[in-house]
Amino acid sequence: MKKIVIVLLFILIAFVGYKLIWKEKNIEPNVISRIDSHLEKVKKIIKSDSKYNKDIAFLIDMKIPSEKNRFFVYDLKADKIIDKGIVAHGSGSETGIKGKLKFSNVENSLSTSLGTYYIGNYYYGKFGKAYKLYGLDKTNSNAFNRDIVFHYYYDVPYKEKDGYICNSYGCPMVNKKYFERIAKRIDASQSNILLSIYY
């Protein structure tokens, strides 16, 4: 009887340990693989300039459908995802083919631009509090001139769902509740946080 109890206790401890250590592993392996490949670029940029935050980075995987969690907060020190949420893409990125998006850096395209950004100061506009975004690549160099910012919109769902969600005019746009959580991290940072949008 003692042996059975010990075995069951060991299984329970192993299961709890697995859940605690590998909780982000419920994310598909191909998503983890894409995160890893884009983190390399983010880390290089951070190393090259002391103005960038060395502790966390934001990643948006546009291969994941918009109604699913695809905005990731990544702890660079602990090397793991510490938060995730839903983020809308630009209406100009729609192709009419399910699961296929297009991207543009052109003004008035209403499209999402791929690439790495750094998050600048906030201001209050028609969507409330919003953060200016500055593109660091050829693919997103017009972000500031296009008024591409990080902001919230009430129609973006907070939890994952099935089916279509609203689009932005090219901005990474999240639910207000999620935005407030992310804004706390941005406002507490003494240096600019990097945001990488990839496909």
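Visitor: Which residues does H151 touch, and what makes each of them count as a contact?

Guide: In this predicted model, H151 touches F127, K129, A130, C171, P172, M173, V174 and F179, leaving aside residues up to four places away in sequence. Each counts because a contact requires heavy atoms within 4.5 Å. Residues are numbered from 1 along each chain as its sequence is written, and side-chain values use heavy atoms, with hydrogens and water left out. As the model is predicted, local features need pLDDT of at least 70 and side-chain atom pairs count only at pLDDT 80 or more, while totals for chains, interfaces and linings use all residues.

Visitor: Why is H151 called buried?

Guide: Its relative accessibility is 2%. Buried means under 20% relative accessible area, exposed over 50%, and partly exposed in between, with a 1.4 Å probe and protein chains only; H151 therefore counts as buried.

Visitor: In which strand does H151 lie, and what makes a run of residues a strand?

Guide: H151 belongs to strand β7. A strand is a DSSP run of E with at least two residues, whereas a helix is a run of H or I with at least four; both are numbered from the N terminus.

Visitor: How do you know that β1 is mostly covered?

Guide: Of its 6 residues, 6 are buried. On one side these are I56, F58 and I60, and on the other A57, L59 and D61, so both faces meet the cut-off for buried. In general, side chains in a regular strand alternate between the two faces of the sheet.

Visitor: Why are β1 and β2 said to pair?

Guide: Two strands pair if DSSP finds at least two bridges between them. β1 and β2 run antiparallel and are joined by 5 bridges, so they pair. I56 stands opposite D75 in β2. β1 is also joined to β9, in parallel, by 4 bridges, and F58 has L195 in β9 as its bridge partner.

Visitor: How do you know that β2 and β3 pair?

Guide: Residues 71-75 and residues 80-85 form these strands, and 5 antiparallel bridges link them; the requirement for pairing is therefore met. Y74 stands opposite I81 in β3. The hairpin of β2 and β3 has 4 residues between the strands, and D79 takes a positive phi near 60 degrees there.

Visitor: What makes β3 and β4 the edge strands?

Guide: The open sheet has 9 strands in the order β3-β2-β1-β9-β5-β6-β7-β8-β4, with mixed pairing. β3 and β4 (87-88) each pair on one side only.

Visitor: Why is a set of residues called a nonpolar core?

Guide: The name applies because the members are buried Ala, Val, Leu, Ile, Met, Phe, Trp, Tyr and Cys residues joined through side-chain atoms within 4.5 Å. The largest such core here has 28 residues, and those with the most contacts inside it are F58, F71, I119, F150, I182, I186 and L195. At least two residues come from each of β1 (56-61), β2, β5, β6, β7, α3 (176-188) and β9 (194-198). α3 gives the most, with 5 residues. Another core, of 19 residues, lies apart from it and includes I32, F72, Y118 and L194. In soluble globular proteins, nonpolar side chains tend to be buried together.

Visitor: Which residues does F150 touch, not counting residues up to four places away in sequence?

Guide: F150 touches F71, A130, Y131, L133, P172, V174, F179, I182 and I186. Among these, F71, I182 and I186 are named with F150 as having the most contacts inside the largest core.
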